[in-house]
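Open the model in your viewer and keep the selection panel at hand. This tour goes stop by stop, with a selection at each one.

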Protein chains: 2
Amino acid sequence: MTKIQHINVVKIGGNVIDNANALARFIDDFAQLPAPKILIHGGGKLATRLSEKLEIPTQMIEGRRVTDRQTLDVVTMVYAGLINKQVVAGLQAVGCNAIGLSGADANVVPATRRNPEPIDFGFVGDIDAAKISSDFIATLLEAGVAPVFCAITHDGNGSLLNSNADSVASAVAVAAARIAPTDMHFCFEKLGVLQDVDDPDSLIEEIRPDYYRELREAGVVNKGMIPKIDNAFRAVEAGVQSVTIKHSDNLLSNKGTIIKL
Amino acid sequence: MTKIQHINVVKIGGNVIDNANALARFIDDFAQLPAPKILIHGGGKLATRLSEKLEIPTQMIEGRRVTDRQTLDVVTMVYAGLINKQVVAGLQAVGCNAIGLSGADANVVPATRRNPEPIDFGFVGDIDAAKISSDFIATLLEAGVAPVFCAITHDGNGSLLNSNADSVASAVAVAAARIAPTDMHFCFEKLGVLQDVDDPDSLIEEIRPDYYRELREAGVVNKGMIPKIDNAFRAVEAGVQSVTIKHSDNLLSNKGTIIKL
């Protein structure tokens, strides 16, 4: 039986990773967040820059990048190597004991390579929260270590896969909710869901399913935000207590848009 | 109290990493080695090739490479990212539950940046076996997971460091010996210590301190082997039961040179 009473799961987006000052502030704040806690980080632009320097052609289909073998190697180096280890070393420096993980490590986030039909996106992995190892996550949390996930996963047959960091984060939060009540914080470069995208004072503090339907019908929620909110609702429907969409500077405050059932 | 009775610690060198067939055979063999077990892997030539492609100048002092910031990023990407995660995914595929670690992860291998006087080798970390977290290694082994270490460490102040993989391996073995009796296997592309470097039938099966003195006085041991044997003796003097220097194809056999007190 676990002694864990509550878990905080935090996602930071690539824009925070790309901004050294924002990242340093975020690392300080994450260190202060009550444990047990879990971090999932996005990728940022470094992988694209490295691909360019290495003259690896970028293949796009329907506006989305194809992960061919060379690109898989680049994202593995950048996400699972450089960014993951720099974040972990940064956390250690401010007194937060953390451990960096890809999905292959301890088979904690197995994935399934996406069906190449109708579109072959290459080495891209889809995640099933039910298959995430809650037991191993609990072992780490009980040992006083904060898992830090990148979005590199694996297929169990020896191939690494590139997954969507938001999807990894939601699935890890759902897996954490099997251990103890879990609240999730989706941190990025905006304040949350705004009534008026140009007015930071128009922050919507809480969205529940009925209100979300109203907002969508009224056309208030802008396009880029819909996948994030949908993702958040899938997480709360699967057992996460709440998901708060917030600015990376506001991790320790309540400012943001909380999504609940 | 730990239930662990015995630990196998295995080091593979960069030459095995660079040879896809040798690496695949080795991964199969490591999966069959009795658990609990620990793997430490070297780097290989990929980091050098990537540095060349990125036009990062290689600075050498007294025949040894300097790890400047750009080189540190490259080795972090290649060792802690690509190689470490490919080895872990390969082990998962053959039924060996493994977890990749840098020294920063769970602060398991803290290091000290080498004094820049008299020669500044840059971001290079020296390791003290006494500071390695045996407790965390035991937690992983008890959870049925094999730790897979690369030679990237950290200084505890937010900087990653590049360490010598043989030194990481020896220090991890010494730390493992605090948990349970530990035998170490140093695997590379040669059969072990040979009387005559050109005669594979001249393998020396066992070296103890007195015999090592004799061999050195007679000039039998060739130069390249001396640091490996010295490293092995330091490990057995610090509590490791035995160190066997052997070919990576012979992990599961007794063929090799065993070093004991």
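Start with A:F188. It sits opposite A:H247, a residue of β13(A). Keep in mind throughout that this is a predicted model.

**Stop 1: the strand around that residue**

Select residues 182–188 of chain A, which form strand β11. Is this strand mostly covered or uncovered? It is mostly covered: five of its seven residues are buried. Now add residues 242–247, strand β13 of chain A. The two strands run parallel and share six bridges. Next add residues 7–12, strand β1 of chain A. β1(A) is also parallel to β11(A), again with six bridges. For one pair on this side, pick A:N8 and find A:D183 of β11(A) across from it.

**Stop 2: the whole sheet of chain A**

Widen the selection to the sheet. It is open, has eight strands and mixed pairing, and its order in chain A is β5-β8-β2-β1-β11-β13-β14-β12. Which strands are at the edges? They are β5 and β12 (206–207) of chain A, and each pairs on one side only. Go to the β12(A) edge. Its partner is strand β14 (residues 257–259) of chain A, parallel, with two bridges. A:I207 has A:I259 of β14(A) as its bridge partner. Then show helix α6, residues 165–177 of chain A, which packs on the sheet. Helix α6(A) touches β1, β2 (37–41), β8 (146–149) and β11 of chain A. Its direction is at about 180° to that of β1(A).

**Stop 3: a helix with a buried side**

Select residues 46–53 of chain A, helix α3. Show A:L46, A:A47 and A:L50 as sticks; these residues are buried. They span an arc of only 95° around the axis, so they lie on the same side of α3(A). Helix α4 of chain A is part of what covers them. Step just past the end of α3(A) to A:E55, where phi is positive, about 55°.

**Stop 4: zoom out on chain A**

Show all of chain A as a cartoon. Eight helices and 14 strands make up its secondary structure. Its C-alpha atoms fill a box of roughly 45 × 45 × 35 Å along the principal axes. A compact globule of 261 residues would have a radius of gyration near 18 Å, and chain A agrees, at 18 Å. Color by burial: 50% of the residues count as buried. Among contacts with a separation of 6 or more, 75% join residues 24 or more positions apart.

**Stop 5: where the chains meet**

Turn on chain B. How many residues does each chain bring to the contact? Chain A brings 35 and chain B brings 35. On the chain A side, α4 (69–93), β5 (98–101), α5 (134–142) and β9 (152–154) each give at least two residues. The largest share, 14 residues, belongs to α4(A). This side of chain A has 16 nonpolar, 15 polar and four charged residues.

**Stop 6: the sheet of chain B**

Hide chain A. Chain B has an open sheet of eight strands, with mixed pairing and the order β5-β8-β2-β1-β11-β13-β14-β12. Strands β5 (98–101) and β12 (206–207) of chain B have a single partner strand each, so one side of each lacks a neighbour in the sheet. Select β5(B) with strand β8, residues 146–149 of chain B: they are parallel, with four bridges. Here B:I99 is opposite B:P147 of β8(B). Finish on helix α6, residues 165–177 of chain B. Helix α6(B) lies across β1, β2, β8 and β11 of chain B, at about 180° to β1(B).

Terms used:
Residues numbered from 1 in each chain as written. Chains lettered and ligands numbered in written order. Predicted model: local features only at pLDDT ≥ 70, side-chain atom pairs only at ≥ 80, totals over all residues. Buried ≥ 20, exposed ≤ 12 C-beta atoms within 10 Å, placed from the backbone. Pairing = 2+ DSSP bridges. Contact = placed C-beta atoms within 7 Å. Axes fitted to C-alpha atoms, helices over the stretch in contact; angles between N-to-C directions. Rg over C-alpha atoms; globule rule 2.2 N^0.38 Å. Nonpolar A, V, L, I, M, F, W, Y, C, P; charged D, E, K, R; others polar. Arc of directions from axis to C-beta.
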